[in-house]
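Reader: I've got a model open and some questions about how it's put together. Mind walking me through it?

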Amino acid sequence: PETAQGIFLNYKFCLEQNSNRLPFGVAQVGKAFRNEIAPRAGLTRQREFTQAEIEYFVNPSNKAFPKFKLYEDTVLTLFHSDEQLAAKDPVRITIGEAVRKGMVNNETLGYMIVRT
């Protein structure tokens with residue numbers, strides 16, 4: 001979260017660097033800090049973390065992804081919110097079927113889920 005702020009602030013510049021074309025992705029690595037209260041003596045110390053984040057921007061009216069077809073038959077175990085609320089078990093489903101049923105919002109998101 002802290003590392004992505006710079007990506008969003010520089011969105012216009014990043015878009016221009018990509019010839020004003022969507023989709024495009026931006027990766028960034030940065031430091032984040034947390035204050036921590038030590039259990040003994042009430043000391044406060046600061047923890048430092050290295051975080052990496054990728055933001056992938058797509059055209060909101062066209063979220064199709066060309067390479068999605070290569071992975072649409074990949075079987076995943078998904079736990080849809082409706083099944084969770086009904087205390088049902090997770091389901092085994094292909095990512096293509098999950099996108100068609102609306103369990104996964106679009107092809108771009110489906111591709112990213114499979115690839116990670």
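Reader: Which way do strand 3 and strand 4 run, and how many bridges join them?
Author: Keep in mind that this is a predicted model. Strand 3 covers residues 75–78 and strand 4 covers residues 91–94. The two run antiparallel, and the number of bridges joining them is 4.

Reader: Which residue of strand 4 stands opposite Thr77?
Author: Start with the faces of strand 3: Leu76 and Leu78 make up the covered one. Thr77 sits on the uncovered face together with Val75. Across from Thr77, in strand 4, stands Arg92.

Reader: How many helices and strands does the protein chain have, and in what order do they run?
Author: The count is 6 helices and 4 strands. Reading from the N terminus, the order is α-α-β-β-α-β-α-β-α-α.

Reader: Why call the protein chain more spread out than a compact globule?
Author: For 116 residues the globule rule gives 13 Å. The C-alpha trace spans about 55 × 50 × 20 Å along its principal axes. The chain counts as more spread out because its radius of gyration is well over the rule's value, at 20 Å.

Reader: What share of the residues is buried, and what share of the surface belongs to carbon and sulfur atoms?
Author: Buried here means under 20% relative accessible area, and 26% of the 116 residues meet that. The accessible surface comes to about 8700 Å². The part of that surface belonging to carbon and sulfur atoms is 52%.

Reader: How far apart are the C-alpha atoms of Leu9 and Leu85?
Author: Leu9 is in helix 1, which takes in residues 4–9. With a relative accessible area of 73%, Leu9 is exposed, since the cut-off for that is over 50%. Leu85 comes 76 residues away along the chain, and the C-alpha separation is 37 Å.

Reader: How many aromatic pairs are there, and what is the geometry of Tyr71 and Tyr111?
Author: Searching the whole structure turns up 7 aromatic pairs. Tyr71 and Tyr111 form one with 5.6 Å centre to centre and 70 degrees between the planes. Planes over 60 degrees apart get a particular label, so this pair is edge-to-face.

Reader: Which helices hold Tyr71 and Tyr111, and how far apart in sequence are the parts they tie together?
Author: Tyr71 lies in helix 3 (residues 68–71), while Tyr111 belongs to helix 6 (residues 107–115). The pair therefore ties together parts that are separated in sequence by 40 residues.

Reader: Is Tyr111 buried or exposed?
Author: Its partner Tyr71 has 23% relative accessibility and so counts as partly exposed. Tyr111 has a relative accessible area of 12%. The cut-off is under 20%, so Tyr111 is buried.

Reader: Which residues do ring pairs link into a cluster?
Author: Aromatic rings pair if their centres lie within 6.5 Å. Pairs of that kind join these residues into a cluster: Phe8, Tyr11, Phe24 and Phe57.

Reader: Where is the peptide bond from Leu22 to Pro23, and what is its omega?
Author: Pro23 lies in the loop between helix 2 (11–17) and strand 1 (24–37). The bond from Leu22 to Pro23 is cis, with omega near 5 degrees.

Reader: What phi do Ser19 and Asn20 have?
Author: Ser19 and Asn20 both belong to the loop between helix 2 and strand 1. Asn20 is exposed, at 55% relative accessible area. Neither Ser19 nor Asn20 is a glycine, yet for Ser19 phi is positive at about 55 degrees, and for Asn20 phi is also positive at about 55 degrees.

Notes: Residues numbered from 1 in each chain as written. Predicted model: local features only at pLDDT ≥ 70, side-chain atom pairs only at ≥ 80, totals over all residues. Heavy atoms only, no water. Buried < 20%, exposed > 50% of the residue type's maximum accessible area, 1.4 Å probe, protein only. Pairing = 2+ DSSP bridges. Phe/Tyr/Trp six-rings, centres within 6.5 Å; stacked < 30°, edge-to-face > 60°. Rg over C-alpha atoms; globule rule 2.2 N^0.38 Å. Areas by Shrake-Rupley, 256 points an atom, 1.4 Å probe, with all protein chains shown as cover.
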